[in-house]
Amino acid sequence: QSADIGVIGLGVMGKNLALNIVDNGYRVAAFDLDAAKVLAAEQQALTEVPQRGLVLKGFDAMPELLQSLSKPRVLLLSVPAGKPVDGVCQALIAAGIERDDIVIDTGNSLWTDTIAREQQYKDKFIFFSSAVSGGEVGARFGPSLMPSGDKAAWEQIAPIWQAIAAKVDSTTGQPMERSQPGQIIKGGEPCTAYIGPSGAGHYVKMVHNGIEYADMQLICEAYQLLHHGLGMTAAEIASVFEQWNQGKLNSYLIDISAEVLKQQDPLTGKPLVEMILDKAGQKGTGLWTAVSSLQIGCPAPTIAEAVYARAMSTQKALRQQLSQQLAGPKTHVDIDQRQSLIDALEAALYCAKVCAYAQGFQLMAMNAKEQGWQLDFAAIARIWRAGCIIRAGFLQTITDAYVAAPQLDNLLQAESFAGALSALQSKWRQVVASAVLNGVAVPCISSALAYYDSFRCATLPANLLQAQRDFFGSHTFERTDKPAGEKYHLNWSQSDRTLVKID
Ligand code: 6PG
């Protein structure tokens with residue numbers, strides 16, 4: 001019997017996606033250059049669902065893989081972004097892939113590469129993409145999937161995608177957890193939706209990761225403030241996070257952070273977190289998000305600060321040296337103010353998180369406009385409610401905001417967020433002030449506050465900036481009392497300083 005789908009690349013993500021597809025009743029043909037990985041995947045499927053026989057069959061040659069699939073073929077690629085994707089595409093061409101076969105890139109590819117690939121391979125096969133979020137466990141038991149490209153290809157793969165995606169209970173909005181091999185979830189809203197033309201899905205996933213960077217860094221800043229500012233232990237901070245996880249901040253990232261903080265180091269018995277070197281890695285998606293925001297001119301400072309925070313973390317030797325050289329404040333948070341600061345921090349984290357999402361969603365909207373994509377933001381928020389790394393109760397509030405007003409320019413306009421941030425802003429200020437006074441860097445929490453305060457400000461000092469530009473470079477300025485687009489220049493270097501209207 002032919003297989004329904006081929007999976008190429010049996011690393012952690014590919015193998016788990018393959019097993020997830022098998023759980024949902026499909027037959028998988030699996031390929032990897034590493035024969036040991038092929039065998040391991042085959043064995044795992046046999047052990048997990050023995051009653052179904054060899055429903056995951058491994059191959060170590062592309063032509064046989066292609067022969068084993070029903071036509072038109074569907075192939076899921078789970079290989080590192082960049083050159084490996086093209087390497088596999090070329091190998092598929094050599095092995096005889098056909099024009100109406102569908103090749104789905106599930107990696108974190110750069111969205112412009114995806115657009116180029118759709119064009120490059122269009123005479124050979126249909127190059128489709130579906131970004132995946134959720135890490136190893138998500139891939140195995142229900143990820144969030146962001147498919148985009150040829151609409152007819154989507155219609156063909158949709159049943160598999162809807163089956164393997166994470167599910168949300170439509171009445172409660174809560175994730176329907178699945179954690180056992182062989183188990184499937186009936187009903188529920190699948191965390192996948194067609195995002196748009198080629199490139200749109202990878203762009204949306206890229207921004208998801210930009211938000212993920214900000215979300216993670218915000219939690220790290222809270223940890224830093226509680227640890228260095230208030231002198232709390234990892235275990236104490238874990239219980240604060242556990243409490244927060246019951247409220248507005250409920251999310252996967254808060255949940256795992258609490259768990260991390262409770263973990264003891266097997267070697268020393270100390271909190272593991274304190275034994276982990278403070279140098280963060282990155283693979284590029286956060287950076288791409290920040291770069292895209294700069295190129296488009298969409299303010300996304302909290303996302304950009306999260307990328308800078310990772311860069312700053314890598315400058316360990318210089319930080320160690322400067323920690324001996326640069327003075328800081330002598331103040332310490334008064335122990336009596338501890339609970340009040342913890343409460344304020346919960347509010348600050350929520351406000352900053354809203355700003356990070358507002359930045360990400362506005363960025364997607366601005367790029368969609370440039371690219372001519374019709375993105376459905378309610379649907380995007382909906383498919384992030386479960387399965388993905390930034391899953392959180394809060395995504396339902398974003399969904400509701402976009403259902404009520406699909407054309408929102410910025411999430412801060414939604415009454416639910418405007419009201420909440422207005423009510424909590426004084427606590428947010430208290431946190432930033434306290435961090436500044438105690439010399440604890442909170443770049444994301446504070447940049448989000450600056451973002452909020454800038455949007456609150458009907459008149460920014462860009463009037464002076466325009467004057468400076470006109471002064472040294474005759475760059476002209478518009479006037480508040482004249483129609484938009486009319487340009488003026490003051491002859492700064494002449495003694496009479498006449499005002500000239502530029503035609
Ligand atoms: C996800 C993750 C996943 C991965 C990224 C982030 O949504 O499942 O975002 O795609 O963790 O590669 O990686 P870096 O932190 O290494 O950039």
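G138 touches S133, P143, A166, G387 and C388 when residues up to four places away in sequence are left out, where contact means that the C-beta atoms of two residues, placed from the backbone, lie within 7 Å. This is a predicted model, in which local features need pLDDT of at least 70 and side-chain atom pairs count only at pLDDT 80 or more, while totals for chains, interfaces and linings use all residues. Residues are numbered from 1 along each chain as its sequence is written.

G138 lies in helix α6 (residues 135-141); helices (H or I, at least four residues) and strands (E, at least two) are DSSP runs, numbered from the N terminus. Because 26 other C-beta atoms are found within 10 Å, G138 is buried. A residue is called buried if 20 or more other C-beta atoms lie within 10 Å of its own, exposed if 12 or fewer, and partly exposed in between, with C-beta atoms placed from the backbone. The C-alpha atoms of G138 and I164 are separated by 9.7 Å, and these two residues are 26 residues apart along the chain.

**Annotated positions**

Under "binding site", an unreviewed UniProt entry lists N108, S133, G134, G135, H208, N209, Y213, K283, R310, R469 and H475. These positions span 368 residues in sequence and the farthest two C-alpha atoms are 49.1 Å apart, so they do not all gather at one spot. UniProt positions are given in the numbering used here, feature names are shortened, and annotations may be inferred rather than shown by experiment.

S133, one of the listed positions, has its place in strand β6 (residues 126-133), and its contacts beyond four places in sequence are G138, P143, S144, K205, H208, G387, C388 and I389. R310, also listed, is found in helix α13 (residues 301-314), and with neighbours within four places set aside it is in contact with A280 and Q282. The table sets out the burial of these residues.

| Residue | C-beta neighbours inside 10 Å | Class |
|---|---|---|
| S133 | 24 C-beta neighbours | buried |
| R310 | 17 C-beta neighbours | partly exposed |

**Strand β1 and its partners**

Strand β1 (residues 5-8) is covered on both faces, since I5 and V7 on one side and G6 and I8 on the other are all buried. β1 pairs with strand β2 (residues 28-31) in the parallel sense over 4 bridges, two strands being paired if DSSP finds at least two bridges between them, and I8 stands opposite F31 in β2. β1 also runs parallel to strand β4 (residues 74-77), to which 3 bridges join it, and here G6 stands opposite L75. Together with helix α1 (residues 12-23), β1 and β2 make a right-handed β-α-β unit; right-handed means that, with the strands pointing away from the viewer, the path from the first strand over the helix to the second runs clockwise.

**Core and domains**

The largest nonpolar core holds 145 residues, of which A18, V28, A30, V103 and C351 touch the most other members. Helix α15 (residues 338-371) gives the most to this core, with 18 residues, and the core draws at least three residues from each of domain 1 (5-196) and domain 2 (202-455). A nonpolar core is a set of buried Ala, Val, Leu, Ile, Met, Phe, Trp, Tyr and Cys residues joined through C-beta atoms within 7 Å.

V28 touches A3, I5, V7, A18, I21, V22, V55 and L56, not counting residues up to four places away in sequence. The protein is divided into domain 1 (5-196), domain 2 (202-455) and domain 3 (462-502), with bounds that come from an automatic or database domain assignment. The C-alpha centres of domain 2 and domain 3 lie 40 Å apart.
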